[in-house]
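User: I would be grateful for a close look at a single part of this model. Please describe the chosen helix, its packing and its surroundings in one connected account.

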Amino acid sequence: QIQFILGCIPGVALFLYSFILPESPAFIQMDRDSKLGNFIESDAGAINNPSGGWKKLFSWDGSRWLLVGVILTCCNQSTGINAVVFYAHKIIDEANLAPVNIYTLGLVGTWNLLTVFVSFALVERLGRRPLMLTALFLMIIGLLLLAIAYVAFPDQKTVAAIISIILYIGGFECDPGPLFFFMAVESFPPHVRSEALSFTNVVVWSFNILVTFGFPVLNDGVGAGPTFFMFA
């Protein structure tokens, strides 16, 4: 109950802050408002460009942007982040780590928070692509270690579980997690940006639901080891 209550605080803060947010340049342009401000030329062209929109996005020329959205979504959700985070308590318990709540808070909660700042510090220095590839590599290693631990050492996987969770969550929070929409905004051209972001948002939450409810089914059907192999 306390966790749900604490989770409401950011939502309420964002809701209240939305009442004082300034209008976006695109909204001002469409409403022909006098408060034009610092308008971005590319967005102005996108708004007045008749070749944009959903029709352009779902055309043959726009298919590449759909592919970009799906790939970014796969990096964000199809790698099994919800399976690891939501079921970390069970994973840690099966790894014979005690007390379970302390390890879960440390390995998932605290480590998750700290590694977010790594992406903020490195994204402009290393660039989007190198940081994404490095993060995905760490996630793959973490998932493979976790899968091997479940398959080869079903009764003694303590060290492997700790290392795999640290690598996986650290990799996810270095790029695919916090920089997902940031990279999406930069990847899509102005004339289909709004539609492409809407499409990507729908796809990412669809994968979110699929992974969340699909993991228990796969875990019961083929086991945790093969399931983590599939995510890798």
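**Helix 12 and its surroundings**

Analyst: In this predicted model, N208 lies in helix 12. The relative accessible area of N208 is 14%, and because buried means under 20%, N208 counts as buried. Apart from neighbours within four places in sequence, N208 touches Q77 and N82.

The packing of the helix comes next. Two packed helices are described by the angle between their axes and the distance between those axes. For helix 12 (residues 193-221) and helix 13 (residues 224-231), the axes come within 8 Å and cross at roughly 140°. Helix 12 is therefore oblique to helix 13, since an angle has to be over 145 degrees to count as roughly antiparallel. The crossing of helix 12 past helix 13 is right-handed. On the side of helix 12, the contact is made by V211, F215, L218 and N219, while helix 13 contributes A224, T227, F228, M230 and F231. By character, the residues of this contact comprise 7 nonpolar and 2 polar, with no charged residue.

A remark on cysteines completes the account. A disulfide is a covalent bond between the sulfur atoms of two cysteines. In the whole structure, a search finds 0 disulfides. C8 is partly exposed, with a relative accessible area of 45%, whereas C174 is buried, with a value of 13%.

Note on methods
Residues are numbered from 1 along each chain as its sequence is written. This is a predicted model: local features need pLDDT of at least 70, side-chain atom pairs count only at pLDDT 80 or more; totals for chains, interfaces and linings use all residues. Side-chain values use heavy atoms; hydrogens and water are left out. Axes are lines fitted to C-alpha atoms, for helices over the stretch in contact, and angles run from 0 to 180 degrees between N-to-C directions. Helices (H or I, at least four residues) and strands (E, at least two) are DSSP runs, numbered from the N terminus. Angles under 35 degrees count as roughly parallel, over 145 as roughly antiparallel, 65 to 115 as roughly perpendicular and the rest as oblique. A crossing is left-handed if the near helix is turned anticlockwise from the far one by less than a right angle, and right-handed if clockwise. Contact means heavy atoms within 4.5 Å. Ala, Val, Leu, Ile, Met, Phe, Trp, Tyr, Cys and Pro count as nonpolar, Asp, Glu, Lys and Arg as charged, and the others, Gly among them, as polar. Buried means under 20% relative accessible area, exposed over 50%, partly exposed in between (1.4 Å probe, protein chains only). A disulfide is a pair of cysteine sulfur atoms within 2.5 Å.
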